[in-house]
Amino acid sequence: MEHRQEQSSKATGARKDFIRIRNVSKHFGDFVAVDDVNLDIGKGELFSILGGSGCGKTTLLRMLAGFEIPTAGTIEIDGHDVTNLPPYERPVNMMFQSYAVFPHMNVEKNIAYGLVKDGINKDEIAKRVDAMLELVQLGDFRRRKPAQLSGGQRQRVALARALIKKPKVLLLDEPLAALDKKLREHTQFELMNIQYELGITFVVVTHDQEEAMTLSSRIAVMDKGRFRQVGTPKEVYEFPENRFVAGFIGTINTFRGRVTAINEETISVHSDELGLSLPALGKHAVEIGQEVDIAVRPEKIFLDRDRPTNDEDTILQGVVDDLGYLGNRSLYRIRLPGGRIIQASSQNRRRSVTRFLEWEDKVWVSWRPRSAVVLID
Amino acid sequence: MSSAARANRDLLWQRVAIATPYLWLLLFFLVPFAIILKISLADPIVAQPPFTPSFDDEGALAVSLDNFRFLLTDKLYAVTYLRSVVIAGIATLLCLALGFPMAYGIARAREETRGLLLLLIVLPFWISFLLRVYAWMGLMNNHGVINNTLIWLGIIDTPMQMMYTDFAVFVGLTYSYLPFMILPLYATLERMDLDFVEAAQDLGATRTRAFWDVTWPLARPGVIAGCLLVFIPAMGEYVIPYLLGGPESLLIGRVLFDEFFVNRDWPLASAVAVVLLLLLVVPIVILQRNQARDAEGEA
């Protein structure tokens with residue numbers, strides 16, 4: 001998957017600022033929905049804007065589509081300023097969260113709609129509709145009305161309808177939110193395949209971190225109208241830049257502490273709560289005595305019955321407070337001596353009916369210094 | 001109570017609930033209609049009641065289609081029916097042209113203000129219908145508010161003749177029946193997902209184009225309901241043309257009234273009513289069959 005994403009950005013010549021968003025703000029009365037945002041999206045990227053409800057992601061998407069005009073700032077697509085263009089004059093199409101498939105037109109007419117509005121001749125329209133029907137595998141349903149289709153089929157109509165005009169950018173508003181889990185996984189890969197095949201730049205808005213992680217080449221994490229981090233899924237997950245991103249994406253254990261030593265390759269942070277020094281790998285812009293958080297993902301934590309021997313690691317002892325078996329992996333909540341509960345997870349590599357750990361078992365908890373993330377703000 | 005008894009009771013209530021509207025229709029529509037139909041097949045006599053019985057002294061059936069034949073031979077009736085259709089039709093279109101933007105505006109207003117705006121639409125119903133028509137007479141009179149104001153402003157020298165014209169009838173009909181157009185339109189538009197309009201614009205339709213491609217066809221059920229609610233009562237309207245219209249603006253409601261109460265020709269009046277009903281029912285049935293077919297295509 002990763003390999004393919006790299007390839008696709010290479011194949012398209014990788015214009016890094018295909019979409020240029022500069023100092024864009026949107027105010028609704030006193031409410032600031034989008035607050036002075038800057039962003040470049042490359043050609044052929046599958047870019048996700050991730051955030052909770054009310055974070056401004058939908059407003060940003062609607063400004064890209066032309067349904068909202070920014071209060072300040074400019075938006076350029078492929079070198080052209082589109083900031084004030086109405087939706088029907090933009091080289092952009094959108095797949096709505098509700099799909100918005102016209103209920104009074106059949107599948108064929110829905111898909112052809114954009115071309116008919118452009119005054120394309122009939123033969124050309126028929127040809128392109130056929131190609132789209134094949135792409136989304138709805139050839140047998142061309143005369144059906146939307147009410148006669150399943151949710152997944154309606155979504156494919158919406159996708160085909162948005163793609164038929166060969167837009168420079170396709171906007172997708174929560175594309176998988178209305179689908180059930182099985183269909184969602186299938187559709188996710190289908191979307192990625194279509195994006196790869198057509199090389200169109202996709203901008204996805206979603207509140208679902210898993211969706212953003214698997215789909216995208218890059219993610220922008222948004223909160224209160226601003227981007228908190230922009231990066232690849234790996235960067236955002238493994239190297240969160242702040243507490244918000246660390247907490248929003250995945251689960252993470254954090255320990256408050258003060259910086260006690262800054263070495264060549266590591267820093268040490270003393271946690272009063274745990275009563276020990278926590279080493280973290282990497283250079284950080286911190287000072288001695290500064291208050292920071294050390295954060296560790298549950299899957300980076302090792303659980304052992306015997307004390308681990310690697311002295312560089314952070315090693316703690318605790319008791320199993322709760323555990324959950326999820327099939328492929330198990331989740332543990334470990335109670336530390338101070339009463340603090342941390343989360344750990346492990347793959348269930350061995351097939352067994354007996355559990356490796358039981359409730360109230362004593363367990364050694366450890367992690368590598370390089371697994372520890374330093375969070376400053 | 002045992003569960004069987006409860007089930008029985010529920011079933012009984014269910015039947016009562018279903019039967020009530022049918023009973024209502026039977027009592028207040030079908031029975032009166034049957035009586036009117038029976039009278040329309042009789043002959044007028046000077047008696048009480050003023051029509052011949054359906055069975056003669058020997059018990060044989062004594063009905064005739066003479067009244068209906070008369071409706072066909074005297075051109076007055078055909079012309080009046082046609083005039084009524086045209087006037088009611090124009091009034092319906094006027095209501096639609098005025099009501100659609102109003103319903104659209106209310107449906108797109110902020111949720112808190114919608115209730116208030118709807119209240120304003122139905123507020124006139126709190127005042128007697130007749131009073132409101134008289135108020136229009138006061139406005140449109142030769143020495144009424146409108147003419148006086150225009151003369152005072154120097155826009156006209158002599159009063160415009162508004163009262164006792166078709167214009168006044170249209171004003172009256174449109175004013176009186178506008179709420180019946182707005183309410184069903186509002187119900188349809190309020191439910192409509194704005195995403196459809198935005199999707200059309202996103203795909204290259206201007207605002208106007210998107211309206212005709214998406215909003216209008218999706219509002220069709222509301223348009224049809226509103227038009228029927230205006231057209232049907234406007235067709236048989238008696239008071240408005242009588243009070244506001246001129247002597248020459250003879251509509252079928254007036255003819256009906258005159259036949260019943262002035263000429264005391266109950267059988268002919270009944271025939272006029274039966275034909276009026278058929279004129280209204282036939283298009284509605286066709287429309288409904290069309291809609292049912294559309295719904296089938298969508299289901």
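Start by selecting strand 8 of chain A, residues 201-206. This is a predicted model, and in it 6 of the strand's 6 residues are buried. Turn the strand so you can see its two sides: T201(A), V203(A) and V205(A) sit on one, with F202(A), V204(A) and T206(A) on the other, and both faces are covered. Why do the residues split up like that? Because in a regular strand the side chains alternate between the two faces of the sheet.

Now add the neighbours of strand 8. Strand 3 of chain A, residues 46-51, pairs with strand 8 in the parallel sense over 5 bridges. To see one pair, pick L50(A), whose bridge partner in strand 8 is T206(A). Next, show strand 7 of chain A, residues 169-173, which also runs parallel to strand 8 and is joined to it by 5 bridges. Here, click on L171(A): its bridge partner in strand 8 is V203(A).

Keep L171(A) and V203(A) selected and add V221(A). What do these three have in common within the largest nonpolar core? They touch the most other members of that core, which has 100 residues. Helix 5 of chain A, residues 151-163, is worth colouring too, as the element that gives the most to this core, with 6 residues. The core lies between domain 1 (2-91 + 167-247) and domain 2 (251-375) of chain A, because both give residues to it. Apart from this core there is another, of 43 residues, and A91(B), M140(B), V169(B) and Y177(B) are among them.

Go back to V221(A) and show what surrounds it. Leaving aside residues up to four places away in sequence, V221(A) touches L50(A), G51(A), F227(A), R228(A), Q229(A), V236(A), V245(A), F248(A) and I249(A).

For the next stop, select strand 9 (residues 218-223) and strand 10 (residues 226-231) of chain A, an antiparallel pair joined by 5 bridges. The two strands form a hairpin with 2 residues between them. Look at K224(A) in the turn, which has a positive phi of about 50°. D223(A) has R226(A) in strand 10 as its bridge partner.

Time to zoom out to chain A. It holds 9 helices and 20 strands, and its C-alpha trace spans about 75 × 50 × 40 Å along the principal axes. Of its 377 residues, 38% count as buried. Colour the two assigned domains, domain 1 (2-91 + 167-247) and domain 2 (251-375). Their C-alpha centres lie 33 Å apart. How many residues does each put into the contact? Domain 1 gives 6 and domain 2 gives 5. On the domain 1 side, you'll find 3 nonpolar, 2 polar and 1 charged residues.

Now bring in chain B. Where chains A and B meet, 18 residues of chain B are in contact with 19 residues of chain A. On the chain B side, select helix 8 (194-202), helix 9 (207-218) and helix 13 (266-298), each of which supplies at least two residues. Which helix gives the most to this side? Helix 8 of chain B does, with 6 residues. By class, the chain B side has 8 nonpolar, 4 polar and 6 charged residues.

Last stop: helix 10 of chain B, residues 220-235. This helix has 16 residues and reaches 22 Å from first C-alpha to last, close to the 22 Å expected at 1.5 Å a residue. Highlight its buried residues to finish: G222(B), G226(B), C227(B), V230(B), F231(B), A234(B) and M235(B).

Terms used
Residues are numbered from 1 along each chain as its sequence is written. Chains are lettered from A and ligands numbered from 1 in the order in which they are written. This is a predicted model: local features need pLDDT of at least 70, side-chain atom pairs count only at pLDDT 80 or more; totals for chains, interfaces and linings use all residues. A nonpolar core is a set of buried Ala, Val, Leu, Ile, Met, Phe, Trp, Tyr and Cys residues joined through C-beta atoms within 7 Å. A residue is buried if 20 or more other C-beta atoms lie within 10 Å of its own, exposed if 12 or fewer, and partly exposed in between; C-beta atoms are placed from the backbone. Helices (H or I, at least four residues) and strands (E, at least two) are DSSP runs, numbered from the N terminus. Domain bounds come from an automatic or database domain assignment. Two residues are in contact if their C-beta atoms, placed from the backbone, lie within 7 Å. Two strands pair if DSSP finds at least two bridges between them. Ala, Val, Leu, Ile, Met, Phe, Trp, Tyr, Cys and Pro count as nonpolar, Asp, Glu, Lys and Arg as charged, and the others, Gly among them, as polar. The expected span of a helix is 1.5 Å times one less than its number of residues.
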